Amino acid sequence: MNLEELRQKINQIDDELIKLLEKRMDLVSKVASYKLETGKAVLDSKREETILNKVAEAVESPVYKDVIVNTFTDMMKHSRAFQERHIRKTR
């Protein structure tokens, strides 16, 4: 496979990831609304730790483990920031 073909495959995966991330953010928005209604804190450290452990165990190739766990860490950080903005705007 040449570089252009590899990049096309990456672009296809990126398109799928975008759709999945939008679905995820729709749910994050609903979680933020629930937390606002119930007074729950945005950060749930125990849940995040559980998720990151699950991700680390699910990664099949050890060489990718740190990168994928870090990606999920960043994704959760941005999801928390979104929740906090959503809650501030709604109050």
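This is a short guided tour of the structure above, one selection at a time.

Before you start, note that the model is predicted: local features need pLDDT of at least 70, side-chain atom pairs count only at pLDDT 80 or more, and totals for chains, interfaces and linings use all residues. Residues are numbered from 1 along each chain as its sequence is written, and side-chain values use heavy atoms, with hydrogens and water left out.

**Stop 1: helix α1**

Select residues 3–38, which make up helix α1. Helices here are DSSP runs (H or I, at least four residues), numbered from the N terminus. The expected span of a helix is 1.5 Å times one less than its number of residues. For the 36 residues of α1 that gives 52 Å, and the end C-alpha atoms are 51 Å apart, which agrees.

Now look at the two ends. At the N-terminal end, Asn2 acts as a cap, with a side-chain oxygen 3.0 Å from the backbone nitrogen of Glu4. After α1 comes Gly39, with a positive phi near 75°.

Which residues of α1 are buried (under 20% relative accessible area, with a 1.4 Å probe and protein chains only)? Select Val28, Ala32 and Lys35 to see them. Helix α3 (62–90) is among the parts that cover them.

**Stop 2: a patch on the surface**

Staying with α1, pick out Leu21. Leu21 is partly exposed, at 39% relative accessible area; that term is for values between buried and exposed, where exposed means over 50%. Add Ile13, Leu17 and Leu20 to your selection, and together with Leu21 you have a nonpolar surface patch of about 360 Å² accessible area. To join such a patch, a residue needs over 30% relative accessible area and no salt bridge, and nonpolar side chains (Val, Leu, Ile, Met, Phe, Trp, Tyr) are joined within 5 Å. An α-helix has 3.6 residues a turn, so residues three or four places apart point the same way.

**Stop 3: helix α3**

Select α3 next: its 29 residues reach 42 Å from the first C-alpha to the last, close to the 42 Å expected. Its buried residues include Val69, Met75, Met76 and Arg80. Both α1 and α2 (45–58) are among what covers them. For contrast, click on Glu84, also in α3, which is partly exposed at 37%. From Glu84 to Leu43 is 9.5 Å, C-alpha to C-alpha, though they are 41 residues apart in sequence.

**Stop 4: the salt bridge**

Finally, select Glu48 in helix α2. Is Glu48 buried or exposed? At 17% relative accessible area, Glu48 is buried. Beyond neighbours within four places in sequence, Glu48 is in contact (heavy atoms within 4.5 Å) with Leu43, Met76 and Arg80.

Zoom in on Glu48 and Arg80, whose side chains form a salt bridge at 2.6 Å, N to O. Because Glu48 lies in α2 and Arg80 in α3, the pair ties together parts 32 residues apart in sequence. A salt bridge is a side-chain nitrogen of Lys or Arg within 4 Å of a carboxyl oxygen of Asp or Glu, and this structure holds one.

Conventions
Patch = residues over 30% accessible without salt bridge, like charges linked within 9 Å, V, L, I, M, F, W, Y side chains within 5 Å. Areas by Shrake-Rupley, 256 points an atom, 1.4 Å probe, with all protein chains shown as cover. Helix = DSSP H or I, 4+ residues; strand = E, 2+ residues; numbered from the N terminus. Polar contact = N/O pair within 3.5 Å; in protein donor to acceptor, adjacent residues only side chain to side chain.
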